[in-house]
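Me: Got a minute to walk me through this fold? I'd like to start with how the helices sit.

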Amino acid sequence: MTLADNTNDAVSKGNALLRAHNYYRSAEFFLAPNDSRHALVWKKNIDAFYKGLNVLDVNYERIQVPYGNHHLNAVYYPGPAGSENKPLLVVVGGYDSTMEELYFHVAAAAHQRGYSVLTYEGPGQGSILREQGLAFTPEWEKPTGAVLDTFLAKHPVSQKIVLIGESMGGYLAPRAAAFDPRINGVVAYDEFFDGYAIATRRVPSFVFWLRDHHYDGTLRFLSEHGPKDPGSTWSMQNGMWVFGVNDPFAVLDAFKPYTLASVASRITGDVLILAGADDHFVPLDQVDAFQKSLTHARSVTTKVFDRESGGGEHCQIGAASLWHATLFDWLAQKYGQPDQAAPVNQK
């Protein structure tokens, strides 16, 4: 922030602010949910981001979405001239996502290629969790539908809508697409077919035996006094926070409804599945399960990135150019020609 405050050049100042945003975001990410510093660091993170966009003269619109007694948030990045002839890209993050980071992951690259982008955050994510206390819901068609209702009421689009889900968004986006006919295409970046299988894949089998035989005291003792590394501690605390539960083992149960097995057959649009061969979160066999369940999709395209390519990790971390190349080639192939259909409006 000191560099930004003492720099006159707009590009240098704006980039310094965006770097500061990322530092604050990373610091807040690892704080325990009950850490008293959360609110202050979160505010600094958000303030730096939007100030940075303003200094860099990035065109954006912040949108508040009614959601029962609460509200959701979205940011619209209108594309350059000609973007009306391309699909609107709607982007949602995952388990530990913030809406603002989606600008760097997808929106900026999409804008360079002439697309308009709508990012949003739902229950369990970003400010919705931190400021309103709304925990995750597996029925992701509800927040997505509310966002599209509000956006399309004032921003009718003449082209298709493609929903991109990042990380756990690989469940959220396909789930929404299964129930909302306005979504013409869906991208699982990466696949997230069965949340319970993902959450339990490294949990020792004796834990389930103890639970099945009602050794709850033993489980609590192990949870409180067993060996912990920083990663597992963060995962346990964050899981209870985002799902709104008070028991570390309840986090595992909370993942059970996060499966596409019973709904993927409802998806009728185009589907792009991305995966990393060495993904440390999501087992590669979920790709095959997801593909087989898409029995009514208009098309299914799958790209698995291996270690040699540099994209073998979860969400191709450190190699965004690889999945971007696949995404934008796929978009051009599926939606390259302008569609003369009537504008997409409310359901």
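Reply: Sure. This is a predicted model. Helix H7 (residues 169-179) lies across E5 and strand E6 (185-189).

Me: And at what angle does H7 run to E5?

Reply: About 150°.

Me: OK, what about the sheet itself, what's the strand order?

Reply: Eight strands make an open sheet, in the order E1-E2-E4-E3-E5-E6-E7-E8, and the pairing is mixed. E1 and strand E8 (299-305) are the edge strands, each pairing on one side only. From one strand to the next, the twist averages 20°.

Me: Which strands does helix H6 touch?

Reply: H6 (residues 141-154) packs on the sheet and touches E1, E2, strand E3 (88-92), E4 and strand E5 (161-166). Its direction makes about 125° with that of E1.

Me: Switching to E2. Why is it largely enclosed by the rest of the structure?

Reply: Because six of the eight residues in E2 (residues 70-77) are buried, meaning under 20% relative accessible area.

Me: How does E2 pair with E1?

Reply: Antiparallel, over seven bridges, with E1 covering residues 61-67. Val-65 stands opposite Leu-72 in E2. The two strands form a hairpin with two residues between them, and Gly-68 in the turn has a positive phi of about 60°.

Me: And how many bridges link E2 and E4?

Reply: Five, again in the antiparallel sense, with E4 spanning residues 117-121. Tyr-77 stands opposite Val-117 in E4, and Asn-73 stands opposite Glu-121 in E4.

Key:
Residues numbered from 1 in each chain as written. Predicted model: local features only at pLDDT ≥ 70, side-chain atom pairs only at ≥ 80, totals over all residues. Heavy atoms only, no water. Buried < 20%, exposed > 50% of the residue type's maximum accessible area, 1.4 Å probe, protein only. Helix = DSSP H or I, 4+ residues; strand = E, 2+ residues; numbered from the N terminus. Pairing = 2+ DSSP bridges. Axes fitted to C-alpha atoms, helices over the stretch in contact; angles between N-to-C directions. Contact = heavy atoms within 4.5 Å.
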